[in-house]
Amino acid sequence: MSLRRMEMSTEQKKATDVVEKKKGGYRTLPFVIANETFEKVANVGLHVNMILYLLQEYHFDPATAAIVIFLWNAVSNFLPIFGAFLSDSWLGRFRVIAFGTVIDLVGLVVLWLTAIIRHARPECHEEPCAKATAPQLVFLFSSLALMALGAGGIRPCTLAFTADQIHNPEKPQNERTMKSFFNWYYVSVGVSVTVSVIFIVYIQVKAGWVVGFGIPVGLMTFSAIMFFSGSSMYVKVKPNKSLLTGFAQVIVAAWKNRHLTLPPNNSDIWYFHNGSHLVQPTNKARYLNKACMIKNREKDLDYDGMPIDPWSLCTVRQVEELKAIIKVLPIWSTGIILATTISQQSFSVVQATTMNRVVLHMNIPSTSFSAFIIITLTAWVVVYDRILLPLFPKGRGLTVKQRMGIGVVISCLATLVAALVENKRRNEAIREGFIDNPKGVVNMSAMWLVPQYCLYGLAEGLNIIGQIEFYYSQFPKAMSSIAISLCTFGYGVGNLLGSLIVKIVQDGTGRGGGDSWLASNINRGHYDYYYAFLFILNLVNLLYFLICCKAYGSTNDIKMWDEEVETRVISKKEMDTK
């Protein structure tokens, strides 16, 4: 019976492979990339310019508006981890992206309505302006919540879904192709973000919020149409329905078997799938290895080689899937401070509004200067992938750990430069008599902000892309969405930490009736001290990163995951006797 089942499984797999080879490939990329590109163009400009919308239309003070932006970004980056588990464990990537696209579009429409309907925003006939009412805030925040929910479906799955279309382990150049793909995927995202930051933001500032929010709605509609148009051509990897259950089973089984003594390497008591590459667990997080130890073959396995109690005995693969997540968490946590640092652009926008923004006889919107982050990131990817990488032996380039580490170093430098520039801007404002006039424009070009923006972009290009490649290489293909979402989840934690830091600094430095570092009057505050504080946090984070890298050790413990496994399961000893 079991042999026949195994033969049928093999035949079904071959038939499936033939069908899958007819799908996917580079012909699907225009549809997927178009969806990602127009989604980014539609949404990123909103995130960048939302600080001005809150300040001008809802009359928030800068610190409160920054906290709202932080929390919105945090939720937008938290939800992808749930979307990833939903994708890899239940619905599949295509469906999660589809649902996310529709929900995101609805959120954009609701935000557009806040600009169209005059009573959806507070009035301002004289200073001080009226505060927003509870219904007005609910209407506004519901649009932000819907967009965050949509991002939870799109962000964790699009990159992995695109990789599914071109991933082919049978090709000799597959590894090199995938590495190059990650870089150029980020370039495509970078180009779309640059367009959004420059043009969409400019339209919002010059043509007003109704037109400025209406264009993203149109772009997102086109994005959805493009994505659904290619549905019949996509490779749709089936979800691993036992993923979350498997994690729970490993934890419970390891606890039940906690009294067992771990055997030496190359023991014959490990339990694994028939034909599996993973016949022995790794030595990292060894406590969990007890979950896949066969105590008594007659009592633990049924006649067909299946576990009688899956909550007492798991496969080596199940154990390694859980360990893959646990092992990367320390290195993942080093990206939180970096995310907190990069997300500080709300304050840079406030700085830019008080500086001379005329460049080449054009008055540049204060939010458009952040485009230098993406421009630098894109330039770095092009230079590294096409010029620097071929110079390395065998084209291997810098390791993912080296790239992440250099990114952390550059983030330290970026915050130091930001502190020095703000100190110069503040001193110039005081010298020109603007100490009590936060709206006064100092005789100092906003181009002084460009170096810190460029350093942020370089740090992101090294560290964030390195993170994505690192997680993707350490997880099996069935967990690709989770691997990608870890990066966005780190951004979410970073934004949440950023809002907490802003609140603590604002309250802590404003005690006794004095002006806080983050005062509404930027000239009376000390935003330079705040950037200096971030510089210290980044230095501590650099030391922490070095410790985590040393503790992690090799990144090649598992060189090949099992992408497809048979139904029947046997132990190593049984396989050796056949």
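The accessible surface of this predicted protein model amounts to about 25400 Å², with 65% of that area belonging to carbon and sulfur atoms; accessible areas here come from the Shrake-Rupley method with a 1.4 Å probe. Of the 578 residues in the protein, 56% are buried, a word used for residues under 20% relative accessible area (1.4 Å probe, protein chains only).

The secondary structure consists of 18 helices and four strands, taken as DSSP runs (helices: H or I, at least four residues; strands: E, at least two) and numbered from the N terminus. Contacts (heavy atoms within 4.5 Å) tell a little about the fold: among those between residues at least 6 apart in sequence, 81% join residues at least 24 apart.

How confident is the predictor, and where does its confidence drop? The mean pLDDT, a confidence in each residue from 0 to 100, is 81, and 87% of the residues reach 70 or more. Over residues 1-20 the pLDDT lies below 50, and this stretch has 11 contacts beyond near neighbours in sequence. Residues 563-578 also have pLDDT below 50, with 41 such contacts in the model.

The secondary structure also helps in describing the lining of the second largest pocket, to which helix H2 (29-57), helix H6 (174-207) and helix H12 (345-353) each give two or more residues.

Residues are numbered from 1 along each chain as its sequence is written. Local features need pLDDT of at least 70 and side-chain atom pairs count only at pLDDT 80 or more, while totals for chains, interfaces and linings use all residues, and side-chain values use heavy atoms, without hydrogens and water.

How values were computed. pLDDT = per-residue confidence, 0-100. Buried < 20%, exposed > 50% of the residue type's maximum accessible area, 1.4 Å probe, protein only.
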